[in-house]
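Open the model in a viewer and keep the sequence panel visible. The stops below say what to select and what to look for at each one.

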Amino acid sequence: MKAAHREDLIPAYRIKRDDGGTSLMFRCPHCQAVHSHGEPDGEPAVLTGRGAHCSNPQSPWQGRGYRLMIVGSVRSSKQLPSITATDIVALNEAVTGS
Ligand SMILES: [Zn+2]
């Protein structure tokens with residue numbers, strides 16, 4: 001069963017942390033900060049749901065979740081590409097066909 005409301009898909013990148021763990025990160029177009037979520041050990045997945053922790057009160061993700069779609073890996077958060085809110089909407093429309 002799918003949730004009644006669809007959570008946005010967001011392209012995210014894996015980054016190896018100094019402590020040996022892995023984080024999933026993307027540069028947020030709504031608050032301009034890098035959102036970072038831990039990736040559970042031994043549970044690699046292309047899609048993973050997370051609660052958003054966006055600091056922009058206008059963010060559509062405020063108080064909701066989203067799904068991270070892991071599209072690659074980078075060495076540091078400085079290498080994360082910028083993505084616009086429009087890009088994310090277009091991606092979601094393309095994936096869902098709506
Ligand atoms: Zn944000």
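Select the donors of the zinc ion first; along the chain they follow the spacing C-x2-C-x3-H-x18-C. This is a predicted model, and the values given here are computed from its atoms.

**The zinc site**

Show side chains for C28, C31, H35 and C54, the residues that coordinate the zinc ion. The three cysteines each bind through SG, and H35 binds through NE2. Distances from the zinc ion to these atoms run from 2.1 to 2.3 Å. What is the geometry of the site? It is tetrahedral, with angles of 102 to 122 degrees among the four donor atoms.

Now colour by accessibility and look at the donors again. H35 has a relative accessibility of 1%, so it counts as buried. C54, at 6%, is buried as well. C31 is also on the buried side, because its relative accessible area of 18% is under the 20% cut-off.

With cysteines on display, a check for disulfides is quick: a search of the whole structure finds zero.

**Q32, in the loop after β2**

Move to Q32, in the loop between β2 (22-27) and β3 (34-39). Its phi is positive, near 65 degrees, and the residue is not a glycine. Most residues other than glycine have a negative phi. Is Q32 buried or exposed? At 57% relative accessibility, Q32 counts as exposed.

**S59, beside C54**

Select S59 next, in the loop between β4 (47-51) and β5 (65-73). Leaving out residues up to four places away in sequence, S59 touches H30 and the zinc donor C54. S59 is buried, with a relative accessible area of 6%. Measure from the side chain of S59 to the backbone of W61: a polar atom of S59 lies 3.0 Å from the backbone nitrogen of W61.

**From W61 to D8**

Keep W61 selected and add D8. Their side chains are joined by a polar contact of 2.8 Å. So W61 can be viewed with two partners: S59 at its backbone nitrogen, and D8 at its side chain.D8 sits in the segment before β1 (9-16). Which residues does D8 contact, apart from neighbours within four places in sequence? They are W61, Y66, R67 and N92. At 24% relative accessibility, D8 counts as partly exposed. Add I88 and draw a distance between C-alpha atoms: D8 and I88 are 80 residues apart along the chain, and their C-alpha atoms are separated by 8.0 Å.

**Helix α1**

Select residues 85-96, which form helix α1. The helix has twelve residues and reaches 17 Å from its first C-alpha to its last. That is close to the 16 Å expected at 1.5 Å a residue. Step on to G97, which follows α1 and has a positive phi, near 70 degrees.

Within the helix, pick V95. Its relative accessible area is 47%, and V95 counts as partly exposed. Then find L9, 86 residues from V95 in sequence; the two C-alpha atoms are 8.8 Å apart in space.

**R75, between β5 and α1**

Go back along the chain to R75, in the loop between β5 and α1. R75 is exposed, at 74% relative accessibility. Select I15 as its partner: the pair is 60 residues apart in sequence, yet 5.9 Å apart from C-alpha to C-alpha.

**The whole chain**

Clear the selections and switch to a cartoon view. How many helices and strands does the protein chain have? There are one helix and five strands. From the N terminus on, the order is β-β-β-β-β-α. Of the 98 residues in the protein chain, 36% are buried. Among contacts between residues at least 6 apart in sequence, 56% join residues at least 24 apart.

Methods
Residues numbered from 1 in each chain as written. Heavy atoms only, no water. Donors = N, O, S within 2.8 Å, 3.2 Å for Na, K, Ca; no water. Tetrahedral: all angles 85-135°; square planar, octahedral: opposite > 155°, others 65-115°. Buried < 20%, exposed > 50% of the residue type's maximum accessible area, 1.4 Å probe, protein only. Helix = DSSP H or I, 4+ residues; strand = E, 2+ residues; numbered from the N terminus. Expected span 1.5 Å × (residues − 1). Disulfide = S-S within 2.5 Å. Contact = heavy atoms within 4.5 Å. Polar contact = N/O pair within 3.5 Å; in protein donor to acceptor, adjacent residues only side chain to side chain.
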